[in-house]
Amino acid sequence: MNEGETSSMAAAADSEDSETETAATVTSHHLTVPPGLTQAELQELAHSISEFHTYQVGPGQGSSLLAQRIHAPLLTVWSVVRRFDRPQTYKHFIRSCHVGDGFEMRVGCLRDVNVISGLPAETSTERLDILDDERHVTGFSIIGGEHRLRNYRSVTTVHEYQNHGGEIWTVVLESYVVDVPEGNTEEDTRLFADTVVKLNLQKLASVTEGLARDQVM
């Protein structure tokens, strides 16, 4: 192999590496404080965010991380979040959810969701990707249905805090990655998805804080 061929191969390799770098980037959610969190809370959650809320984002994709502080114990919040078969308990735009006969809530199981009218979606088939009751982590992917959220993947983690005065609260983190639909911008897609997730988390807070009050009474 002569010097010219070697130089050409090296240039081609560098070009391929450059294309790979521009083709996908790693999210940096652990560096930015999402609304609803303090800087101190972010620092405590940085490892969890890096482990569970980091995505390889390619061209034509968007990702975001949202947080919700809830004045209820972790186990109360987790008891609602973990129910893959009952997302309508706190997800605003779900009219109904169907699971098959003999349903077992484990990784790989499926649910069919019907969405309320007025959204750019009708149905969604979703797969449970992770359910860790010890670390309080769950996540799902949308794998079918009539909707515009292609290749949508989401992870939710639940974290408990207690201050020196004994006050207990919970922080829920939810992140996602999704394809940008044709004709939309990444900003538009993220704004829509963020709004849906934010409203769901706000309802989760309302539902679980109500459960916590009932448990005290």
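**Strand β8, the cores and the second largest pocket**

Strand β8, residues 153-162, is mostly covered, with seven of its 10 residues buried. The model described here is predicted. Two strands pair with β8. Strand β7, residues 137-144, runs antiparallel to β8 and is joined to β8 by five bridges. Within this pairing, T138 is placed opposite T156 of β8. Strand β9, residues 168-179, also pairs with β8 in the antiparallel sense, here over 10 bridges. Y161 faces W169 of β9 as its opposite residue. β8 and β9 form a hairpin with five residues between the strands. In that hairpin, G166 adopts a positive phi near 95°.

The wider fold comprises four helices and nine strands. Read from the N terminus, the order of elements is α-β-α-β-β-α-β-β-β-β-β-β-α. The protein has 217 residues, and buried residues make up 40% of them. Among contacts with a separation of 6 or more, 55% link residues 24 or more positions apart.

The largest nonpolar core holds 26 residues. V77 and L204 touch the most other members of this core. Two or more residues come from each of β3, α3 (74-81), β6 (123-132), β7, β9 and α4. Helix α4 is the greatest contributor, giving six residues. The surroundings of L204 were examined without its neighbours within four places in sequence. On that basis, L204 is in contact with I70, V77, V80, V81, Y90 and V172. V77 thus appears both as a contact of L204 and, with L204, as one of the two residues that touch the most other core members. A second, separate core contains 10 residues. Its members include L42, Y161, W169 and L173. Y161 and W169, which stand opposite each other in the pairing of β8 and β9, are thus both members of the second core.

Helix α4 also contains T189. This residue counts as buried because its relative accessible area is 6%, under the 20% cut-off. Once neighbours within four places in sequence are set aside, T189 is in contact with V178, D179, V180, P181 and N184. One of these, D179, lies 10 residues from T189 in sequence. The C-alpha atoms of T189 and D179 are 8.4 Å apart in space.

The second largest pocket has a volume of about 460 Å³. Its lining comprises 24 residues. P34, P35, S64, L65 and D194 lie nearest the centre of the pocket. Three elements give two or more residues to the lining: β1 (25-26), β3 (61-70) and α4 (186-216). The largest share comes from β3, with seven residues. By class, the lining has 11 polar, nine nonpolar and four charged residues. Two of the elements that line this pocket, β3 and α4, also give two or more residues to the largest nonpolar core.

How values were computed: Residues are numbered from 1 along each chain as its sequence is written. This is a predicted model: local features need pLDDT of at least 70, side-chain atom pairs count only at pLDDT 80 or more; totals for chains, interfaces and linings use all residues. Side-chain values use heavy atoms; hydrogens and water are left out. On a 1 Å grid over the protein atoms alone, a cavity is a set of points where a 1.4 Å probe fits but cannot get out, and a pocket is an open set with protein on both sides within 12 Å along at least five of seven lines; lining residues have an atom within 4 Å of a point. Grid points are joined across faces, edges and corners, and a volume is the space filled by probe spheres set on the points. Ala, Val, Leu, Ile, Met, Phe, Trp, Tyr, Cys and Pro count as nonpolar, Asp, Glu, Lys and Arg as charged, and the others, Gly among them, as polar. Buried means under 20% relative accessible area, exposed over 50%, partly exposed in between (1.4 Å probe, protein chains only). Two strands pair if DSSP finds at least two bridges between them. A nonpolar core is a set of buried Ala, Val, Leu, Ile, Met, Phe, Trp, Tyr and Cys residues joined through side-chain atoms within 4.5 Å. Contact means heavy atoms within 4.5 Å.
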